[in-house]
Amino acid sequence: MARKVKDKAIGIDLGTTYSCVGVWQHDRIEIIANDQGNRTTPSMVAFTPDERLVGEAANFQISTNPTHTVYDVKRLIGRRYNDPLVQSDKQLWPFTIIPGKNEKPMIEVTYKGEKKPFAAEEISSMVLVKMKMIAEQYLQCGVKKAVITVPAYFNDSQKRATKDAGKIAGLDVMRIINEPTAAAITYGFDALEEGTRNILVFDLGGGTFDVSIVTVERGKVEVKAVGGDMHLGGGDFDNRVLNYCVQLFNKKYKVDMGRNPKVLRRLRSECERAKRSLSSAVETVIDIDSLYEGQDFHTKIRRAKFEELNADLFDKCMQLVKQCLQDSKLSKHQINDIVLVGGSSRIPKVQELLSQFFEGKELCKSVNPDEAVAYGAALQAAVLNKEIIHLVLMDVTPLSLGVAVSNGVMSVVVPRNTPIPTLKEKYFTTKYDNQTSVNISIYEGERALVAHNNLLGEFVLHGIPPARCGVPNIRECFLVDVEGILTVSAQDVGTGRINRITVTNERERLSKVEIDRMVADAKIFRKEDEEMAKKHLAKNTLECYICNMKSRLMEAKSRGTIQTRVADDISGALNMVEEWLDENDNATIEKFEAKLNELSLKCKCLT
Ligand code: ADP
Ligand code: MG
């Protein structure tokens, strides 16, 4: 019977190809092995006529059930069906992807004799349930609380979908954290250190290569640059070995087994095993009975051969490291630590090249690379669950967040580099008399005009009681949660009426390169931008003034407190400036100010 010891919190690395789970236990992090004794579990779900299999069990039967064994769903999560990445991945998968509601990609499988579409969240939730069960079995108690990791480049929509997968799995997702951040936590780079520490996280996994540079400063971590390749990883190394073996076999037996998927799958899985052993041994054998047309396959393969077969791919990793360094604007000497993450970073040649690139620097690999992310996630989970007291790393907002105000000026609500979570508010008002709704457009970026920044979302607050422009008091609240997900609300303070949106940036999230470009542009254009903003302000002040005076004039006329002649004179002047404004949209600040002065002399009797 399950013993309810304590409400334990686990850390889960939900990987593209493999997942891993850890927990704080006996004063240390323990990575938990699955029922097969493996410390990582395939992120795979299979559907058969009578059951659903997850993890190792799904992997075992993949060659006999390829079209209903689903993997790689992390590539789909939080994306739209027509996302170019989804479209290209679709071609490579043996399972079927169809467009669902709201362009959501759905995985269509036959399960228990019926066609059934599943969302990526659902498949991921099945993997999460498996990881939860692995932990429960080991801990001998129920587990609910978890920290789940996602790649640093995941946008809000992908993070939310991952969180949803956790919820579907019955987990209480305490926090979603970035994979490189988790790796930094693993190596304890969050201690109260003096100065800044720059860490390069090299994550070479099963199908993806992610390189990130994170900076830790007084317990705050900022992902400075991310790079890599969505299609470079262990699977490619397996393929190189596979092709080599196919050629050997075909030549030896004068056959062509090239197009038989079942045979290839069998051979590939042996190649993967051989690849893994070549990380510790310098030579291994591939031995398969009756592989094709009754012929056995037997060959020795040396580490040097494996390295030769993959030389260009390993080189590509190094190029991408270089690129990421360039993007971060750091030199290799400014990198304090290099952290190895991902099963494929166990490959000795990869480690050698990386260390060479950093001029012989030691690499951080004391924690198994394919467990380092789960390790950090488990540490973070234990901290949040108050099982240990530990300094928590904070993320920061990479760009300023704000709204468009009159004439397209960006009004910043959350400045760049604000530690998250954060809640910031600012008050706004209407622009016209009797305006009953306001449009709220949310942007990120450093430029003074929203036209140069990145639009994140828009919504309307309706139901503002008619009043003079400038009278309604509208509170805009920006909440950036610990996962970097932004919710903006606008409330009419008078009526309490409120509307809000959670920003799910549908487009690709800005990359670090784009962010840097935007920040750099903002510096270059600062003077110009400030001028522009001042001009817009001057113009806006004039417009508001006209609007204000018109309504005062009406009031004065209806109360009979103004002579008709004076009223006509003022009205004429207001109209004239209004017409002038229409034609002189781009006049100088001085011109706008002069017009304002001119009018304020005329309108003295109204104020
Ligand atoms: P993910 O990419 O899902 O995060 P991992 O980080 O666990 O997954 O990486 C899985 C990849 O690591 C697989 O391609 C696997 O073959 C490879 N791998 C695991 N162990 C080794 C090893 N000892 N040597 C080389 N490659 C390995
Ligand atoms: Mg991974």
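**Thr208 and the ligand 1 site**

Q: What does Thr208 touch, leaving aside its neighbours within four places in sequence?
A: Thr208 is in contact (heavy atoms within 4.5 Å) with Thr16, Arg75, Asp203, Asp229, Met230, Leu232 and Gly233, once neighbours within four places in sequence are set aside. This is a predicted model, where local features need pLDDT of at least 70, side-chain atom pairs count only at pLDDT 80 or more, and totals for chains, interfaces and linings use all residues. Residues are numbered from 1 along each chain as its sequence is written, and side-chain values use heavy atoms, with hydrogens and water left out.

Q: Why is Thr208 called buried?
A: Its relative accessible area is 10%, and buried means under 20% (1.4 Å probe, protein chains only). So Thr208 counts as buried.

Q: What makes the Ser279 pair with ligand 1 a polar contact?
A: A polar contact is a pair of N or O atoms within 3.5 Å. Here a nitrogen atom of ligand 1 sits 2.6 Å from an N or O atom in the Ser279 side chain, so the pair qualifies.

Q: How do you know that Ser344 makes a polar contact too?
A: One of its polar backbone atoms is 3.3 Å from an oxygen atom of ligand 1, and that fits the cut-off. Taken alone, ligand 1 exposes 580 Å², and the protein buries 92% of that (Shrake-Rupley method, 1.4 Å probe).

Q: Why does ligand 1 lie between domain 1 and domain 2?
A: Because domain 1 (9-232 + 313-395) and domain 2 (234-312) both give residues to the shell around ligand 1. Those bounds come from an automatic or database domain assignment.

Terms used:
Chains are lettered from A and ligands numbered from 1 in the order in which they are written. A polar contact is a pair of N or O atoms within 3.5 Å; within protein, one must be able to donate a hydrogen and the other to accept it, and residues adjacent in sequence count only if both atoms are side-chain atoms. Buried means under 20% relative accessible area, exposed over 50%, partly exposed in between (1.4 Å probe, protein chains only).
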